[in-house]
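Thanks for sharing this one. Here are my notes, point by point, for you to follow with the viewer open.

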Amino acid sequence: MTTAELRPVTGGPAWLVIQLLERCNLRCNMCYEWGETGAYKSLPGLAELDLDVLLNRLEECLPGKPHVEFFGGEPLLYRGIWKLLRVLGEAGCEVAFPTNGTTLPRHAHRLVSANPIRVWVSLDGPREINDAQRGEGVYDRAVRGIDAIDRLKHESGHPYPELGVAFIVTPGNHHTIEEFFAELDLSRLGAVSIEMQSYVTAAQHRHYARVAHEKFGVMTTPSAAAYVRDPAVFASVDADLVACQMRRVRDECRERGIRFFSQPRTLESETIAAYLSADWTAMADHHKRCAVPWMYAEISARGDVTTCHSFYDITIGNIYDRSLIDIWHGERAAEVRSHLRRELFSICTACARYYAASAHPIARATARPRNDS
């Protein structure tokens, strides 16, 4: 990555992610928000972005037509999502977002009319396996939603939203990857993503917390803490089996013209094994720089703006206080980028953007989902 590639864009962010709300109707056991170690379970109240404030802050960014993604919680629970989709669509912005799929059957008509470019549906295996991770009945509702959207697209002649399925690999489902995608009707999909469960070690979190405090004055780091896992929990995962299955699904997708994404990107046993054992430097995808903070901003449901996804501990401003453009070009943002120019945070290896951020992160990464794994 050259110095030129690390220069901030002159306008606003080219890639914008908006966490619409913290609320979710599921309690997926591996979720860093609402799962077993979920950070949101101890919050005194749940935040939801004020639609009028959000639209006001977005207005000055829209001439640049940023790629926009929604996030949650569950984005389809946000009451202002339909107006937001309309405004962004009229401005010529491409919009994509993940969903747990449970409300897709009743929202299918509106989604086809609203025309987001892509909707990622989270499914983690055959019915029994998926529902063990996400909740009883979730699989059937999500598949009904996929069926409904696909049918309505054909009836109306609308090409969008393109449907993607995102699969999070965990100890409980790692043996079912190929089985699941063999059962799924791939003809309805435009994209597939298979991602290893994101995590950080306790040592990584301690280092990050120290840097956050000493360099940025941040006293607590609950967002990062929610990712902490002992690598021992992945001891039962067969890296050879996972790599082999992921390659077979990738090859099938390529034959069908379906976009394929993965975390990590290199699907070799050695890289998967290194990931599972937290031996990050042994991974083929390990790198010491990331271009994302120079083109990316994320707005949390509390209005906080960050240059990284999901790690909301080190913020660069809040849209309830200042405009997004001012925040993007502000002193705090410059401080964060200056630090990341010298070294990444220790927790960066847990970020999906880290594995997508090569020479052309916008081209490679914005098509991918980021699920609550």
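1. Let me start with a pair of residues on neighbouring strands: I194 stands opposite S262 in β7. Please keep in mind throughout that this is a predicted model. The strands β6 and β7 pair in the parallel sense, and 5 bridges hold that pairing.

2. Where does β7 sit in the sheet? Strand β7 (259–263) is an edge strand, as is β10 (317–318), and each of them pairs on one side only. Buried or exposed, then, for the residues of β7? Of its 5 residues, 4 are buried, so β7 is largely enclosed by the rest of the structure. I would look at this strand with the surface switched on.

3. Now the sheet as a whole. It is open and has 10 strands, in the order β7-β6-β5-β4-β3-β2-β1-β8-β9-β10, with mixed pairing. One of the pairings joins β1 (residues 15–19) to β2 (residues 67–71): these two strands run parallel and share 5 bridges. Within that pairing, V17 has E69 of β2 as its bridge partner.

4. On to charges. Side chains of opposite charge can pair when their charged atoms come close. How many salt bridges does a search of the whole structure find? The search gives 16. I picked out a few for you below.

5. One of them is between the side chains of D150 and R188, at 3.6 Å from N to O. D150 belongs to helix α5 (residues 138–156), while R188 is in the loop between α6 (177–183) and β6 (191–196), so this pair ties together parts that are 38 residues apart in sequence. The two ends differ in their surroundings: D150 has 11% relative accessibility and counts as buried because that is under 20%, whereas R188, with a relative accessible area of 26%, is partly exposed.

6. Helix α9 (residues 239–256) deserves a look too. From this helix, R248 reaches E178 in helix α6, a link between distant parts of the chain that are 70 residues apart. The side chains of R248 and E178 meet in a salt bridge, with 3.2 Å from N to O. Both ends are partly exposed: R248 has a relative accessible area of 46%, and E178 has 30% relative accessibility.

7. The neighbouring position in sequence has its own partner. The side chain of R247 forms a salt bridge with that of E268, at 3.9 Å from N to O. E268 is in the loop between β7 and α10 (269–276) and R247 is in helix α9, so the pair ties together parts that are 21 residues apart in sequence. E268 counts as partly exposed at 40% relative accessibility, and R247 is partly exposed as well, with a relative accessible area of 24%. Back to the earlier pair for a moment: D150 and R188 are in one network with D147 and D185, joined by salt bridges that share partners.

8. A last item concerns a contact in space rather than a charge pair. H207 is in helix α7 (residues 202–216) and is partly exposed, with a relative accessible area of 32%. How far apart are H207 and F345 in sequence and in space? They are separated by 138 residues along the chain, and their C-alpha atoms are 8.4 Å apart.

Technical notes: Residues are numbered from 1 along each chain as its sequence is written. This is a predicted model: local features need pLDDT of at least 70, side-chain atom pairs count only at pLDDT 80 or more; totals for chains, interfaces and linings use all residues. Side-chain values use heavy atoms; hydrogens and water are left out. Two strands pair if DSSP finds at least two bridges between them. A salt bridge is a side-chain nitrogen of Lys or Arg within 4 Å of a carboxyl oxygen of Asp or Glu. Buried means under 20% relative accessible area, exposed over 50%, partly exposed in between (1.4 Å probe, protein chains only).
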